[in-house]
There are 2 protein chains.
Amino acid sequence: MARVETRQRRRRDPEGTRLAILEAAKTILSQDGAEGLSVSGVAKLAGVNRGTAYQHFELKEDLVRATLDWVSSQLLEAVFTEDLAPPEPAVEVEVDIDDMASRMASFSLRLAEFAMDHPDIGRIWLYDVLSRPNPREDVFYERFAHSVEDLVRGGAGQEGIDVEVLAVLMLSGFFLWPVWVGSHARSKRARKAMAQRFAAEVLRLSMHGVVRADTHAQLQSYLREKLPDA
Amino acid sequence: MARVETRQRRRRDPEGTRLAILEAAKTILSQDGAEGLSVSGVAKLAGVNRGTAYQHFELKEDLVRATLDWVSSQLLEAVFTEDLAPPEPAVEVEVDIDDMASRMASFSLRLAEFAMDHPDIGRIWLYDVLSRPNPREDVFYERFAHSVEDLVRGGAGQEGIDVEVLAVLMLSGFFLWPVWVGSHARSKRARKAMAQRFAAEVLRLSMHGVVRADTHAQLQSYLREKLPDA
DNA sequence: CCGTTAATCAACAGCATTGTCAATTAAGGG
DNA sequence: CCCTTAATTGACAATGCTGTTGATTAACGG
């Protein structure tokens, strides 16, 4: 038996190998979630020996963490594209309303589309980030929360916004919406439509809230009564 | 060798055993998440032989599903307590604004507190529900979404609300907020305060939205331009 | 009191995964 | 061209979990 199809030993390329592993890990995370990820599976998909994976990432946990950090930077690129100015060092300027509106709208749509195009992995990333002692250490989370702060301080935002709560609430929605969509829309067209649908509701909510103004007085008093130190 | 401390065979009590297993599963889900749940661990915590667990729940998957359904009904009880009227058969009545306001506020707080008191398990439940072909089959999800619909149809809600999106967005926030809180507040007092904080922001958001009215026109046009059929 | 049912348990086989290690060998520098 | 470095690999031991099965034996009805 001549070994016709014997697998060649992989050409050495540490950097490339590392990327291949990360890419494979990202794919598996996207498909099977964090629970379903095994180093064996990742290595097989990356076309790499399992031992090699352990050479690049000491522990399975390190592999997952590195993958999520990588995803975070991709998220940053995909959502905050170059047409958006880099974060200005906290200067108190009055914000251009037109710019603010278009930023919010396009941002919302981009984020929704990214979440829809990378089901599961966004959710896993979010959970991981929120679990950290300081979520702000994550590049995307920091940028996102910072944007909300800018909105508030710039004067375009409503008064009394709890930035941290709002950030968590919004991000959670963006990344769990694809889960609901999952079984409802399989075609690319349908998924894109679902991203638009979510983005539209977020914008509507940002503008008008949920309840009509009539109920405001009642809710206000209830807030003061039941939630004293909120 | 007298067998001094030999474990007695468990007194037969199928119903009680089943409950003990469910309780243990709920605890483990709350601590280690769905990934960390093993039938071995559940059985050990419940003080039951692993085989017994398999007698009550054919497959591990069945055990998890049964536990989550059980949690869902507990959630229903905890949040929609008796002071709230049972769901009326879709009659188109003008809603009492006062009642609506107090319902929303107390509901919001109760849900936030439940989520905070049962970290992880709520999140796992939500993910499971959203993954199903028809989330409405879950008792709590159905009830929640139904409430939002009532709000909209009753006339107290803003126009153009996308009920399904709003429901997913809100639920996601409620159940992921405890993750962010996790490392920030350990004492019971602090956790309760965090629940109030979230509930307050939800109510504020429901009333006023995120952005000031100035930006509405811009966002509206952007909506029509970029999101044609949303 | 006896016989049936089924709740409980211990043990088994199979499988996947994890982390480690020593051997191979490609790459690069002197 | 040789020698060192380290990237890559296959193999190993340990672990934990799953689902199954056959043996106990408590509960219960006739």
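Trainee: Hi! How does the surface near DNA strand D divide by class into nonpolar, polar and charged residues?
Mentor: Hi! Keep in mind that this is a predicted model. Near DNA strand D there are five nonpolar, nine polar and eight charged residues.

Trainee: Which residues come nearest to DNA strand D?
Mentor: Of the 22 residues around that strand, the nearest are Arg10(A), Asn49(A), Gly51(A), Ser38(B) and Val39(B).

Trainee: And which helices supply at least two residues each there?
Mentor: In chain A they are helix H1 (14-32) and H3, and in chain B they are helix H2 (39-46) and H3.

Trainee: OK, over to DNA strand C. How many residues surround that one, and which are the closest?
Mentor: DNA strand C is surrounded by 23 residues, with Ser38(A), Arg10(B), Thr17(B), Asn49(B) and Gly51(B) the closest. Two or more residues come from each of helix H2 (39-46) and helix H3 (50-56) of chain A, and from each of helix H1 (14-32) and helix H3 (50-56) of chain B.

Trainee: What classes do the residues near DNA strand C fall into?
Mentor: Five are nonpolar, nine are polar and nine are charged.

Trainee: Now the two protein chains. What rotation and shift superpose chain B on chain A?
Mentor: A rotation of 180° with 0.0 Å of shift along the axis does the job, with an RMSD of 0.1 Å. The copies are thus related as by a two-fold rotation axis.

Trainee: Which residue of chain B comes closest to that axis?
Mentor: That is Gly209(B), whose C-alpha is 2.0 Å from the rotation axis. Both copies use the same surface, as 100% of the contact residues of chain B recur in chain A.

Trainee: How many residues does each chain bring to the contact?
Mentor: Chain B gives 59 residues and chain A gives 59 residues. On the chain B side, helix H5 (97-117), helix H6 (121-131), H8, helix H9 (188-208) and helix H10 (216-226) each supply at least two.

Trainee: Which of those gives the largest share?
Mentor: H9(B) does, with twelve residues of the side of chain B that touches chain A. By class, that side of chain B has 34 nonpolar, 16 polar and nine charged residues.

Trainee: I was also looking at Val181(B). Where does it lie, and what does it touch?
Mentor: Val181(B) lies in helix H8 (residues 163-182) of chain B. Leaving out residues up to four places away in sequence, Val181(B) touches Met116(B), Arg191(B) and Met194(B). Also, Val181(B) and Ala195(B) are 14 residues apart in sequence and 9.2 Å apart in space, C-alpha to C-alpha.

Trainee: Is Val181(B) buried or exposed?
Mentor: Val181(B) counts as buried because it has 24 C-beta neighbours inside 10 Å.

Trainee: Last topic, chain A. At roughly what angle do the axes of H4 and H6 cross?
Mentor: Helix H4 (residues 60-79) and helix H6 (residues 121-131) of chain A cross at roughly 110°, and their axes come within 10 Å. That makes H4(A) roughly perpendicular to H6(A).

Trainee: Which residues make that contact?
Mentor: H4(A) uses Leu68(A), Val71(A) and Ser72(A), while H6(A) uses Ile121(A), Ile124(A), Trp125(A) and Asp128(A). The contact has five nonpolar, one polar and one charged residues.

Trainee: And how many residues of H6(A) are buried?
Mentor: Nine of its eleven residues are buried, so H6(A) is largely enclosed by the rest of the structure. Among the buried ones are Gly122(A), Arg123(A), Leu126(A) and Val129(A).

Methods
Residues numbered from 1 in each chain as written. Chains lettered and ligands numbered in written order. Predicted model: local features only at pLDDT ≥ 70, side-chain atom pairs only at ≥ 80, totals over all residues. Near = placed C-beta within 6 Å. Helix = DSSP H or I, 4+ residues; strand = E, 2+ residues; numbered from the N terminus. Nonpolar A, V, L, I, M, F, W, Y, C, P; charged D, E, K, R; others polar. Buried ≥ 20, exposed ≤ 12 C-beta atoms within 10 Å, placed from the backbone. Contact = placed C-beta atoms within 7 Å. Least-squares fit on C-alpha atoms with pLDDT ≥ 70 in both. Axes fitted to C-alpha atoms, helices over the stretch in contact; angles between N-to-C directions. Parallel < 35°, antiparallel > 145°, perpendicular 65-115°, else oblique.
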